[in-house]
Amino acid sequence: MKTKFALMTALFAFSYAFSQEVRPELRSYSKKVDSIVVSEKSKMNLELDDLDKNYRENKISADEKQKQRTEIAMKYEEIINEKINSQKEELENATKGIVKDVVMGRSGKQSIELLAQNNALLTLNTSGNKTKKDLLRTTDFNIGFGFMNLTKSSSSLAIGNKESGIRAGNSMSSQMELRMTRQIGSLVSPVFYRIGLGYRSDSFSPKKTTIFTQDKNELSISDFNTFAEGNLKKSYLKNHYFLVPIDFVFVLNPKYTVENNEKMLDNSKGNFRISAGVYGGVRFLTQNYIIYKNEENNRVKYRENIPDAVNAFLFGGKLSLGYGPLNIFVKKDFTPIFNDQAKINNKYGVQIGLELLYINF
């Protein structure tokens, strides 16, 4: 999907800000992607400003304003994706170079490990020559996955609540974060802080035979038959966010080592960890997907942007427990995902997940 491709490239731009070890090809590519997004978004904002002006001057109705906003957003989404896709060859060449280096094990700095210590289930370790002291100051890229549901309040953890109208087992969230971790206090301190930049995608699937529908800026869950004739295959609403996560990590059973006559925490050993933190995010895209077969048995994929019924900002908390490679987390959104224009019962997100991939720079 072109949109996913664009989101992945944005993460390379994040990695440039955190690490000087990124390949020059990726560095050049991330700059080009950033330039494309900034330029086209600026043009889009000018058009949206003109549209708002026309509405304030009563030149267009509210319905026409909404229609034109959707058309403008879709137009610039296609422009950005097309321009980024034109740079695809440069990304592929850079990626091939990285993969080749990993497979060949060049410089003895890279390795792929399953069930490594203190990370995620699968680890790409690019820091084999680092000292024990270096391991106390890390920069990493992490991918996590969680099962998503909606609750009635910011404090509720009622996962699987039937009143939400959401299928708990089919609603999911994925996160990608570039993080910087530093030790608090002396070299023997078992406490760390972690800050980063990330991307989160939430996918909400309504119960069988129902779909999300939008009417006059209001979002609701309706029967598929009120939308079209045919056989519903899949329906989901997807939110996309940019996030800033901040975590504190506490090592519960610290182990120590001595290096160059300095005693320090041994962060290469398996340990029990508990992490607590918060995250804030900005939503940049929401889309509704309805996939079905019509009466002629032709596959139809309907997609529309949802600009108003989802809140622009997100704030929440995270608690995780880990040992060795295993990190299980619970995330709770303290602000509602949906606003009053969404006519659904539950509006606060909650998820339980697992960290899957860890790349250490």
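These are my notebook entries on cores, one helix, one strand residue and two loop residues in a predicted model.

**Entry 1: nonpolar cores**

I began with the largest nonpolar core and counted 18 residues in it. I listed the members with the most contacts inside this core: Leu 150, Phe 204, Leu 219, Leu 237, Ile 337 and Phe 338. I then looked up which elements give two or more residues to it, and found β3 (138–151) and β8 (231–251). Of the elements, β8 gives the most, with three residues. Apart from this core I found another, of seven residues. Its members include Leu 124, Leu 178, Tyr 199 and Ile 359. For context I noted that nonpolar side chains tend to be buried together in soluble globular proteins.

**Entry 2: Phe 338**

I took Phe 338 from the core list and looked up what it touches, leaving out residues up to four places away in sequence. Phe 338 touches Leu 150, Phe 204, Leu 219 and Leu 237. The list for Phe 338 also holds Ala 309, Val 310, Asn 311, Ile 344 and Lys 347.

**Entry 3: helix α3**

I checked the length of helix α3, residues 62–85. At 1.5 Å a residue, its 24 residues should span 34 Å. The end C-alpha atoms of α3 are 35 Å apart, so the two values agree. I also noted the buried residues of α3: Gln 66, Thr 70, Ile 72, Tyr 76, Glu 77, Ile 80, Asn 81 and Ile 84.

**Entry 4: Thr 213**

Is Thr 213 buried or exposed? Its relative accessible area is 16%, and the cut-off for buried is under 20%, so I entered Thr 213 as buried. I placed Thr 213 in strand β6, residues 210–215. Its side chain makes a polar contact with the side chain of Ser 222, at 3.0 Å. Leaving aside neighbours within four places in sequence, I found Thr 213 in contact with Glu 218, Leu 219, Ser 220, Ser 222 and Asn 288. Leu 219 is also on the list of core residues in my first entry.

**Entry 5: positive phi**

I noted that most residues other than glycine have a negative phi. I looked up two asparagines with positive values. Phi of Asn 217 is near 70°. Asn 217 sits in the loop between β6 and β7 (218–223). Phi of Asn 297 is near 65°. I placed Asn 297 in the loop between β11 (272–293) and β12 (299–305). The relative accessibility of Asn 297 is 52% and exposed means over 50%, so I entered Asn 297 as exposed.

Terms used:
Residues are numbered from 1 along each chain as its sequence is written. This is a predicted model: local features need pLDDT of at least 70, side-chain atom pairs count only at pLDDT 80 or more; totals for chains, interfaces and linings use all residues. Side-chain values use heavy atoms; hydrogens and water are left out. A nonpolar core is a set of buried Ala, Val, Leu, Ile, Met, Phe, Trp, Tyr and Cys residues joined through side-chain atoms within 4.5 Å. Buried means under 20% relative accessible area, exposed over 50%, partly exposed in between (1.4 Å probe, protein chains only). Helices (H or I, at least four residues) and strands (E, at least two) are DSSP runs, numbered from the N terminus. Contact means heavy atoms within 4.5 Å. A polar contact is a pair of N or O atoms within 3.5 Å; within protein, one must be able to donate a hydrogen and the other to accept it, and residues adjacent in sequence count only if both atoms are side-chain atoms. The expected span of a helix is 1.5 Å times one less than its number of residues.
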